[in-house]
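Colleague: I'm new to this one. Could you walk me through it and tell me how each label is earned?

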Amino acid sequence: MTIGRIAVYCGSAAGADPAFADAARALGTRMVERGIDLVYGGGRLGLMGIVADTVLDAGGQVFGVIPQALVDHEVAHRGCTELFTVANMHERKAKMTELTDAFVALPGGIGTLDELFEAWTWNALGYHAKPFCLLNVHGFWDGLDGFMDHVRDSGFLSQARRGQLLKADSAEDAINLLDAAVKIAAQGMVW
C-alpha cells in the first residue's frame with residue numbers, strides 16, 4: 001500500500017521565516033510529483049493557502065475541510081477540488097482523518113498542535129493506524145520534540161508511543177517516512 005492522500009496541518013499565517021512558505025511549496029510540489037492528494041483545513045491564508053495553491057497549480061487534487069464559521073469569515077479556499085463544510089473543529093478533524101492516509105505537520109500555532117495531538121491520541125486509542133510526521137523546517141519542532149522526550153522520561157509516554165512521532169527535515173524525507181509507516185501499518189504492525 002502506498003499513500004494516496006496526506007493531511008497537512010499548518011499555520012493560517014505564513015510565519016516569520018520565509019523558509020516556512022518555501023517548505024509548504026516544497027511539500028505540495030513533492031506530493032503532486034508522487035501522485036499524492038492534499039487534505040487540509042480548507043483555508044486560503046498563510047501556509048494553508050500556500051500548500052493548497054502549490055498542489056493546485058501543479059495539477060494535483062486538494063480536499064479542504066473547513067468549519068462553517070470560517071466560511072462565514074471568508075477564509076475558505078474556493079479553488080479546492082472539493083471543499084467540505086462542517087459544523088465545528090471536531091468535525092473538521094474527524095473528516096480530515098477519514099479522508100487521509102497519513103499526516104504532516106508544517107510549522108503552525110495552537111490549531112496545528114491541536115490537530116497533531118488529536119491525530120496522535122486517536123491513534124493511541126486505536127481509532128486509526130495512520131502515521132504522522134513533523135516537517136522540521138529550520139528546527140521549528142525541536143522544542144516540541146525535546147518536550148516529548150521529557151514526557152516519556154517522566155513516565156507519561158511509552159517509548160513505543162514516543163517513537164511514533166516521526167520527524168523529517170525535508171518534504172521528501174517526510175513522505176518517505178510516512179510511506180514506510182503506512183506499509184507497516186497495512187501489515188497489521190505498529191510502525
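**Cysteines and a helix pair**

Modeller: Happily! Let's start with C80, which is buried, with a relative accessible area of 11%. Keep in mind that this is a predicted model.

Colleague: What makes C80 count as buried?

Modeller: Buried means under 20% relative accessible area, and C80 has 11%, so the word applies. C133 is buried too, because its relative accessible area is 0%.

Colleague: How do you know how many disulfides the structure holds?

Modeller: The number is 0. A disulfide needs a pair of cysteine sulfur atoms within 2.5 Å. For C80, the closest cysteine sulfur is in C10, 12 Å away, so that is too far for a bond. The sulfur of C133 also has its closest cysteine sulfur in C10, at 14 Å, and is therefore too far for a bond as well.

Colleague: Now the helices. Why is α1 called oblique to α8?

Modeller: Helix α1 (residues 18-33) and helix α8 (residues 171-186) pack at an angle of about 50°, with their axes 9 Å apart. Angles under 35 degrees would be roughly parallel, and 65 to 115 roughly perpendicular. The angle fits neither range, so α1 is oblique to α8. Their crossing is right-handed.

Colleague: Which residues make the contact between α1 and α8?

Modeller: On α1 they are A26, L27, R30 and M31, and on α8 they are A171, E172 and I175.

Colleague: What classes of residue does the contact of α1 with α8 have?

Modeller: There are 5 nonpolar residues, 2 charged and no polar ones. Arg and Glu count as charged, so R30 and E172 belong to that class.

Technical notes: Residues are numbered from 1 along each chain as its sequence is written. This is a predicted model: local features need pLDDT of at least 70, side-chain atom pairs count only at pLDDT 80 or more; totals for chains, interfaces and linings use all residues. Side-chain values use heavy atoms; hydrogens and water are left out. Axes are lines fitted to C-alpha atoms, for helices over the stretch in contact, and angles run from 0 to 180 degrees between N-to-C directions. Helices (H or I, at least four residues) and strands (E, at least two) are DSSP runs, numbered from the N terminus. Angles under 35 degrees count as roughly parallel, over 145 as roughly antiparallel, 65 to 115 as roughly perpendicular and the rest as oblique. A crossing is left-handed if the near helix is turned anticlockwise from the far one by less than a right angle, and right-handed if clockwise. Contact means heavy atoms within 4.5 Å. Buried means under 20% relative accessible area, exposed over 50%, partly exposed in between (1.4 Å probe, protein chains only).
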